[in-house]
Amino acid sequence: MIELRSDTFTLPTEEMIRAMSQAKLGDDVYKEDPTVNRLEELSAEMLGKEDACFLPSGTMANLTSLLTHCPRGTKVLVGNETDIYIYEAGGASVCGGVIYEPIATQPDGKLLLEDLEAAFPVDPEDPQFSLPSLICLENTHNRCGGRVLPLDYLREVQQFAYQKSLPVHMDGARVFHAAVALQRPVSEITAYADSIQFCLSKGLSSPVGSMVAGTKSFIEGVRRWRKLLGGGMRQAGVIAAAGIVSLTHMVDRLAEDHHHAQQFAIGLKDISGIAVDLNQVETNIVFFKITDERFTWESFIEAMRAENVLLAELGHGRIRAVFHRGVSSSDVDQALAKIDKVMKQGPL
């Protein structure tokens with residue numbers, strides 16, 4: 001099988017497995033697991049933040065961040081195409097009484113400042129209106145095709161937020177992809193956010209886990225919410241060890257995934273019945289559409305599965321292909337050949 005559904009299908013490297021088997025352990029709820037402590041210190045250092053916290057998933061990492069930032073009854077301003085809004089089960093509303101205000105997402109993943117401004121009531125003293133308490137950005141932006149938010153834009157949003165006395169949270173599940181694409185240290189990106197979460201279990205190839213980073217007082221709040229949500233893990237160093245390998249050995253190789261995404265997108269351009277925009281391919285994600293009327297996106301995915309190529313639809317009838325350590329250049333060529341074969345043969 002050529003697995004292109006998600007980079008969450010990455011498997012731990014042999015080095016990770018060795019590190020996990022040899023990890024020094026303690027009780028992390030007591031802050032006594034030395035391996036978790038090292039992972040948190042390393043994450044905070046790399047992101048230029050005071051502190052960090054290890055969590056089981058990106059969903060919990062974002063949720064604990066929102067719950068720490070937002071008092072009950074306030075609004076979080078979040079893009080209508082973001083993972084937090086679409087794929088994380090409305091957790092902040094369920095657990096914290098926080099309202100999601102969806103902001104129109106531009107094709108490149110940006111939220112326009114005028115759209116953010118429109119989410120504020122004309123009279124903030126009017127008790128009829130819920131008040132914004134947080135702005136969320138997603139970088140890279142998943143449903144916009146792995147797009148990278150420019151540093152100038154991040155600076156503008158930060159300045160806008162500070163004028164409004166609001167913090168900025170960044171869902172940086174793939175923020176290291178953004179850093180590699182920009183050829184900048186990740187800390188230059190995270191400098192424009194008060195808090196950030198990133199996933200160890202996507203392109204960085206760890207089997208489990210995400211990190212949240214921010215100020216020490218903010219991370220104290222995240223730890224409290226993590227405990228309440230059942231995310232306090234005991235000898236968690238056994239999985240944190242893989243995260244340390246992710247951060248020390250797996251970041252630079254993300255450029256290879258970006259190259260494979262470009263290789264795939266360029267190849268798709270030559271296949272009849274496929275529409276792809278090369279200008280939107282910036283990192284490890286490629287979106288494309290089937291224009292051949294013989295196919296639905298469902299029948300195309302079914303036909304590709306029969307050819308041992310796994311793809312998924314991700315909104316608006318678009319097919320998403322995600323490139324990761326488990327996909328080689330040869331795999332890309334094979335996937336393109338099989339797509340061409342399916343398009344010539346027609347549906348099953």
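Colleague: Happy to go through this one with you! Leaving aside neighbours within four places in sequence, which residues is Lys202 in contact with?

Modeller: Glad to help, and do keep in mind that this is a predicted model. Lys202 sits in the loop between strand 7 (195-199) and strand 8 (210-214). Once neighbours within four places in sequence are set aside, the contacts of Lys202 are Asp7, Thr8, Thr10, Ala173 and Arg174.

Colleague: Is Lys202 buried or exposed?

Modeller: The cut-off for buried is under 20% relative accessible area. Lys202 has 13% relative accessibility, so Lys202 counts as buried.

Colleague: What does the UniProt annotation that covers Lys202 say?

Modeller: The annotation comes from an unreviewed UniProt entry. It marks Lys202 as "modified residue: N6-(pyridoxal phosphate)lysine".

Colleague: Which residues does UniProt list for "domain: Aromatic amino acid beta-eliminating lyase/threonine aldolase"?

Modeller: In the model, the span in question is 41% helix and 15% strand, and its end C-alpha atoms lie 18 Å apart. The UniProt entry, an unreviewed one, gives this domain as residues 3-289.

Colleague: And the domain assignment of the chain, what does that give?

Modeller: The centres of domain 1 and domain 2, taken over C-alpha atoms, are separated by 29 Å. Across the two, 21 residues of domain 1 are in contact with 17 residues of domain 2. The assignment itself gives domain 1 (11-250) and domain 2 (253-345).

Colleague: Thr13 caught my eye. Which residues does Thr13 touch, not counting those up to four places away in sequence?

Modeller: Thr13 is found in the loop between strand 1 (2-3) and helix 1 (14-22). Thr13 counts as buried because its relative accessibility is 15%, where buried means under 20%. Not counting residues up to four places away in sequence, Thr13 touches Val245, Met250 and Arg325.

Colleague: Let's turn to Val180. Is Val180 buried or exposed?

Modeller: Val180 belongs to helix 8 (residues 175-182). Leaving aside neighbours within four places in sequence, Val180 is in contact with Val251, Leu254, Ala255 and His258. With 18% relative accessibility, Val180 counts as buried.

Colleague: How many Å separate the C-alpha atoms of Val180 and Ile274?

Modeller: Along the chain, Val180 and Ile274 are 94 residues apart. In space, their C-alpha atoms are separated by 28 Å.

Colleague: Now the open spaces. Which residues are closest to the centre of the largest pocket?

Modeller: The largest pocket has a volume of about 260 Å³. Its lining is made of 17 residues. Closest to the centre are Arg143, Cys144, Gln280, Phe287 and Arg318.

Colleague: Which element gives the largest share of the lining of that largest pocket?

Modeller: The lining has nine nonpolar, three polar and five charged residues. It draws at least three residues from each of domain 1 (11-250) and domain 2 (253-345). The largest share, five residues, comes from strand 10 (residues 285-290).

Colleague: Last one! Which residues line the largest cavity?

Modeller: The count comes to one cavity of 30 Å³ or more, and about 30 Å³ of space lies in the largest cavity. By class, its lining has one nonpolar, three polar and four charged residues. The lining residues are Asp83, Glu138, Thr140, Asn142, Asp171, Gly172, Ala173 and Arg174.

Definitions and conventions: Residues numbered from 1 in each chain as written. Predicted model: local features only at pLDDT ≥ 70, side-chain atom pairs only at ≥ 80, totals over all residues. Heavy atoms only, no water. 1 Å grid on protein atoms, 1.4 Å probe; cavity = no way out; pocket = protein on both sides within 12 Å on 5 of 7 lines; lining within 4 Å. Points joined across faces, edges and corners; volume = space filled by probe spheres on them. Helix = DSSP H or I, 4+ residues; strand = E, 2+ residues; numbered from the N terminus. Nonpolar A, V, L, I, M, F, W, Y, C, P; charged D, E, K, R; others polar. Domains from an automatic or database assignment. Buried < 20%, exposed > 50% of the residue type's maximum accessible area, 1.4 Å probe, protein only. Contact = heavy atoms within 4.5 Å. UniProt positions renumbered as here; feature names shortened; annotations may be inferred.
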